[in-house]
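Subject: A structure for you to look at

Hi there,

Here is the structure I promised to pass on. Have a look at it first, and then read on for what turned up.

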Amino acid sequence: MCMNEIANSLPSLRYPVRSMTQLNMTVWSMVIDCPAVTAKAQEGQFVHLLPDGNYVLRRPISICEIDRKAGTLRLVFEVRGEGTKTLSQVRAGDTIDLLGPLGHGFTLLAPSATAVMIGGGIGTPPMLPLAQHYGKNATVICGFRNQGAAILQNDFAATGADTLLCTDDGSAGHHGLVTEPLAALLREKKVDIIYACGPMPMLKAVAALAKESGVRCEVSLEERMGCGLGACLVCACNLYLADGGIHAGHVCKDGPVFDAERVVWNG
């Protein structure tokens, strides 16, 4: 059975879109009414959306918010090609073909734990439900190219978390990398866990700081996906085994969230 047949054999349904909002020039926020999916969803998981039209492969989108009371999921995604461009043209009242929830999510500690969330670019959305869980005990550090690319800053502030914005060009917040305020924070206070999602170089640097400080760290890897179910090899990643050996895992099935020390950081 080919990967598309496997995907199509699983229960995917069309769900109504409650709202569609443009956050900046390329990023959109979609809220979907899907109570059955929401009931099972975990922080860090993703869903697979099939754009309407002549598309074969689904688009993996991280879960940004889980509202179990309302039965909705919020997805925040960036337009990067024709498929996501088509998704951005969906409007409230339309329906969307959704498969999920998929993947392995984050480990949640007690809300009283001290947690740090690091988001880079479009890796920022999956940090929001974590900030909502930890509230005032969370510190959120987000990195973007510039002020115009920044998203979700008011959402993070509304959780009660301490928030810090970093930009590459210094147009807003801290002028520099997210690892700079993270390193300072780790010197100043005890942190129980670090979560991160974003570009691979950022994740590698965050993982190194966490290991140096002896802090638990979980990372959500961003990789291109074909089936989203572990049937293809598009999103393969190398992971360390307990005996020190290396195993080829799949971001979609074994992740997208991994213990940072299990990931083989190349380069």
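Let me start with a question: which side chain does Glu-218 meet in a salt bridge? The partner is Arg-216, and the N to O distance is 3.6 Å. Please keep in mind that this is a predicted model, so every value here is computed from it.

The two partners sit in unlike surroundings. Glu-218 has a relative accessible area of 6%, so it falls under the 20% limit and is buried. Arg-216, at 38%, is partly exposed, because that value lies between the 20% and 50% limits.

This pair belongs to a wider set: the count of salt bridges comes to eight. Here are two others that you may like to find.

- Arg-80 and Glu-78 meet through their side chains, with 3.0 Å from N to O. Arg-80 is exposed, because its relative accessibility of 64% is over 50%. Glu-78 has a relative accessible area of 19%, which is under 20%, and therefore counts as buried.
- Glu-65 forms a salt bridge with Arg-74, and the closest N and O atoms are 2.9 Å apart. Arg-74 is buried at 10% relative accessibility, whereas Glu-65 is partly exposed at 23%.

The bridge between Glu-65 and Arg-74 is also part of something wider. Asp-155 joins these residues, and Glu-65, Arg-74 and Asp-155 are linked in a network of salt bridges.

Now for the pockets. The second largest pocket has a volume of about 430 Å³. Of the 24 residues that line this pocket, the closest to its centre are Gly-120, Gly-121, Gly-143, Phe-144 and Pro-199.

Which elements each supply at least two residues of that lining? They are the strand β8, covering 138–144, and the helix α7, covering 200–213. The largest share comes from α7, which gives three residues.

As for the character of the lining, 12 of its residues are nonpolar, seven are polar and five are charged.

If you open the model, Glu-218 and Arg-216 make a good place to begin, with their salt bridge at 3.6 Å. From there you could move on to the network that links Glu-65, Arg-74 and Asp-155, and then to the pocket lined in part by β8 and α7.

Happy exploring, and do write back with any questions.

Best wishes

Definitions and conventions. Residues are numbered from 1 along each chain as its sequence is written. This is a predicted model: local features need pLDDT of at least 70, side-chain atom pairs count only at pLDDT 80 or more; totals for chains, interfaces and linings use all residues. Side-chain values use heavy atoms; hydrogens and water are left out. On a 1 Å grid over the protein atoms alone, a cavity is a set of points where a 1.4 Å probe fits but cannot get out, and a pocket is an open set with protein on both sides within 12 Å along at least five of seven lines; lining residues have an atom within 4 Å of a point. Grid points are joined across faces, edges and corners, and a volume is the space filled by probe spheres set on the points. Helices (H or I, at least four residues) and strands (E, at least two) are DSSP runs, numbered from the N terminus. Ala, Val, Leu, Ile, Met, Phe, Trp, Tyr, Cys and Pro count as nonpolar, Asp, Glu, Lys and Arg as charged, and the others, Gly among them, as polar. A salt bridge is a side-chain nitrogen of Lys or Arg within 4 Å of a carboxyl oxygen of Asp or Glu. Buried means under 20% relative accessible area, exposed over 50%, partly exposed in between (1.4 Å probe, protein chains only).
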